[in-house]
Amino acid sequence: MSKRAKTLEALKTELSKLCTVADNEGFEMIAYFIETAIREADEQLSQETRAVAGLELRLQSSRPV
């Protein structure tokens with residue numbers, strides 16, 4: 001996993017904790033926006049993973065057999 005992907009995972013973890021606190025304290029709108037940030041982090045993580053997987057596939061296909 002790349003450094004960027006690890007950072008995104010760490011951000012998601014912290015955002016989840018903040019979302020729980022906001023939700024428990026009755027800050028529904030703030031919790032909603034944090035959930036939106038978590039979904040965005042998921043999307044970016046997915047893009048990072050696809051980019052790395054695509055690069056690995058290209059490297060494997062260019063190797064002589």
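Does Phe33 count as buried or exposed, and at what relative accessibility? In this predicted model, Phe33 counts as exposed because its relative accessibility is 52%, and the cut-off for that class is over 50%.

**The chain as a whole**

The chain contains 2 helices and 0 strands. Of its 65 residues, 17% are buried. The accessible surface of the chain amounts to about 5,200 Å², and carbon and sulfur atoms account for 60% of that area.

**Tyr32 and its surroundings**

Tyr32 is part of helix 2, which covers residues 28-62. With a relative accessibility of 42%, Tyr32 is classed as partly exposed, because this class lies between the limits of 20% and 50%. The two aromatic residues are set out below.

| Residue | Relative accessibility | Class |
|---|---|---|
| Tyr32 | 42% | partly exposed |
| Phe33 | 52% | exposed |

**The aromatic pair**

A search of the whole structure yields 1 aromatic pair. Its members are Tyr32 and Phe33, whose ring centres are 5.4 Å apart. The planes of the two rings meet at 70 degrees, and the arrangement is edge-to-face. That label applies because planes over 60 degrees apart count as edge-to-face.

**The surface patch**

Tyr32 and Phe33 also belong to a nonpolar patch on the surface, together with Met29. The combined accessible area of Met29, Tyr32 and Phe33 is about 360 Å². Tyr32 thus appears in helix 2, in the aromatic pair with Phe33 and in the nonpolar patch.

Conventions. Residues are numbered from 1 along each chain as its sequence is written. This is a predicted model: local features need pLDDT of at least 70, side-chain atom pairs count only at pLDDT 80 or more; totals for chains, interfaces and linings use all residues. Side-chain values use heavy atoms; hydrogens and water are left out. Patches are made of residues with over 30% relative accessible area and no salt bridge: like charges are joined within 9 Å, nonpolar side chains (Val, Leu, Ile, Met, Phe, Trp, Tyr) within 5 Å. Accessible areas come from the Shrake-Rupley method with a 1.4 Å probe; for residues, only the protein chains shown count as cover. A salt bridge is a side-chain nitrogen of Lys or Arg within 4 Å of a carboxyl oxygen of Asp or Glu. Helices (H or I, at least four residues) and strands (E, at least two) are DSSP runs, numbered from the N terminus. Buried means under 20% relative accessible area, exposed over 50%, partly exposed in between (1.4 Å probe, protein chains only). Rings of Phe, Tyr and Trp (its six-membered ring) pair if their centres lie within 6.5 Å; planes under 30 degrees apart count as stacked, over 60 as edge-to-face and the rest as tilted.
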